[in-house]
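Hi there,

I hope your week is going well. Here is the structure I promised to hand over, and my notes come right after it.

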Amino acid sequence: GNLKDKLRARIEQSRKAIAESKKAEVMRSAANALAELDTYGTAEGFMIASQRFNEPYYVMSPHVVVELLDADDQPVPDGEMGHVVVTRLDAHTMPMIRFRLGDLAVAPAEPVQVPGGPAFPQLERIVGRETDIWISPGGRTLTVHTFTGVMEHFGQIEQFAVIPAGD
């Protein structure tokens, strides 16, 4: 196809939810609604879900089953954060059955109805790695980047500690 067609088909992949980033806004404005796609996959080499624009992530359910579980391996209610556990349905040589990835995600409390969107299970957001999350005594969830993103602007700070003093 011509260059314009190729540009319309451009796919931007990122590890984080691109819809939440400033980069997505800049790209959306500059590219005048060119196709955007964010994918969520594993280091083991398969895609779990994908997202267009600000739509939810669609789980590639013909190939993978995603469960969101609590610390006791029980399903969390929709709308609540849970540990991502996957079963790959098309890996005949090396099956992955109920494999805990070390990631946290949230399914929407109510599935989002998107005209023309696939009828696949949805994830509202990919929170991040379990090791990058801090849960306050009151139950608020913060990522490590909440703190490091601020501290990196102060070169004189070599080390810091987060001490909860309420919620």
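Below is what I found, going from the sheet to the core and then to the surface and some backbone details.

Please keep in mind that this is a predicted model.

**The sheet**

Let me start with the open sheet, which has four strands in the order β1-β2-β3-β7 with antiparallel pairing. Its edge strands are β1 and β7 (122-123), each of which pairs on one side only.

Going through the pairs, strand β1 (residues 38-41) is joined to β2 by four bridges, and the two run antiparallel. Within that pair, Y40 has A49 of β2 as its bridge partner. On the other side, two bridges join β2 to β3, again antiparallel. Here A49 is matched with V59 in β3, while S50 has Y58 in β3 as its bridge partner. A49 is thus a handy residue to click on, with Y40 as a bridge partner in β1 and V59 as a bridge partner in β3.

How much of β2 is covered? Four of its five residues are buried, so the strand is mostly covered, taking buried to mean under 20% relative accessible area.

Both hairpins here have a positive phi to look at. The hairpin of β1 and β2 has five residues between the strands, and G45 takes a positive phi near 95 degrees there. The hairpin of β2 and β3 also has five residues between its strands, and in this one F53 takes a positive phi near 45 degrees.

**The core**

Which residues have the most contacts inside the largest nonpolar core? They are Y40, I48, L68, V84, V86 and L123, in a core of 18 residues. The elements giving two or more residues to this core are β2 (47-51), β3 (57-59), β4 (64-69), β5 (81-88) and β6 (96-106). The largest share, three residues, comes from β6.

V84 is a good place to zoom in. Setting aside neighbours within four places in sequence, V84 is in contact with Y40, V66, E67, L68, F99, R100, L101, D103, L104 and A105. Two of these contacts, Y40 and L68, are also on the list of residues with the most contacts inside the core.

**The surface patch**

V150, F154, I157, F160 and V162 form a nonpolar patch on the surface, and their accessible area together is about 390 Å². One of them, F154, sits in the segment after α3 (144-151). Is F154 buried, exposed or partly exposed? It is partly exposed, at a relative accessible area of 40%.

**Two more backbone details**

You may want to look at two residues that have a positive phi without being glycines. D73 has a phi of about 60 degrees and lies in the loop between β4 and β5. R98 has a phi of about 50 degrees, and this residue is found in strand β6. As for cover, D73 is partly exposed with a relative accessible area of 43%, and R98 is partly exposed as well, with a value of 47%.

That is everything from my side for now. Happy to talk it through whenever suits you.

Best wishes

Definitions and conventions. Residues are numbered from 1 along each chain as its sequence is written. This is a predicted model: local features need pLDDT of at least 70, side-chain atom pairs count only at pLDDT 80 or more; totals for chains, interfaces and linings use all residues. Side-chain values use heavy atoms; hydrogens and water are left out. Patches are made of residues with over 30% relative accessible area and no salt bridge: like charges are joined within 9 Å, nonpolar side chains (Val, Leu, Ile, Met, Phe, Trp, Tyr) within 5 Å. Accessible areas come from the Shrake-Rupley method with a 1.4 Å probe; for residues, only the protein chains shown count as cover. A salt bridge is a side-chain nitrogen of Lys or Arg within 4 Å of a carboxyl oxygen of Asp or Glu. Buried means under 20% relative accessible area, exposed over 50%, partly exposed in between (1.4 Å probe, protein chains only). A nonpolar core is a set of buried Ala, Val, Leu, Ile, Met, Phe, Trp, Tyr and Cys residues joined through side-chain atoms within 4.5 Å. Contact means heavy atoms within 4.5 Å. Two strands pair if DSSP finds at least two bridges between them.
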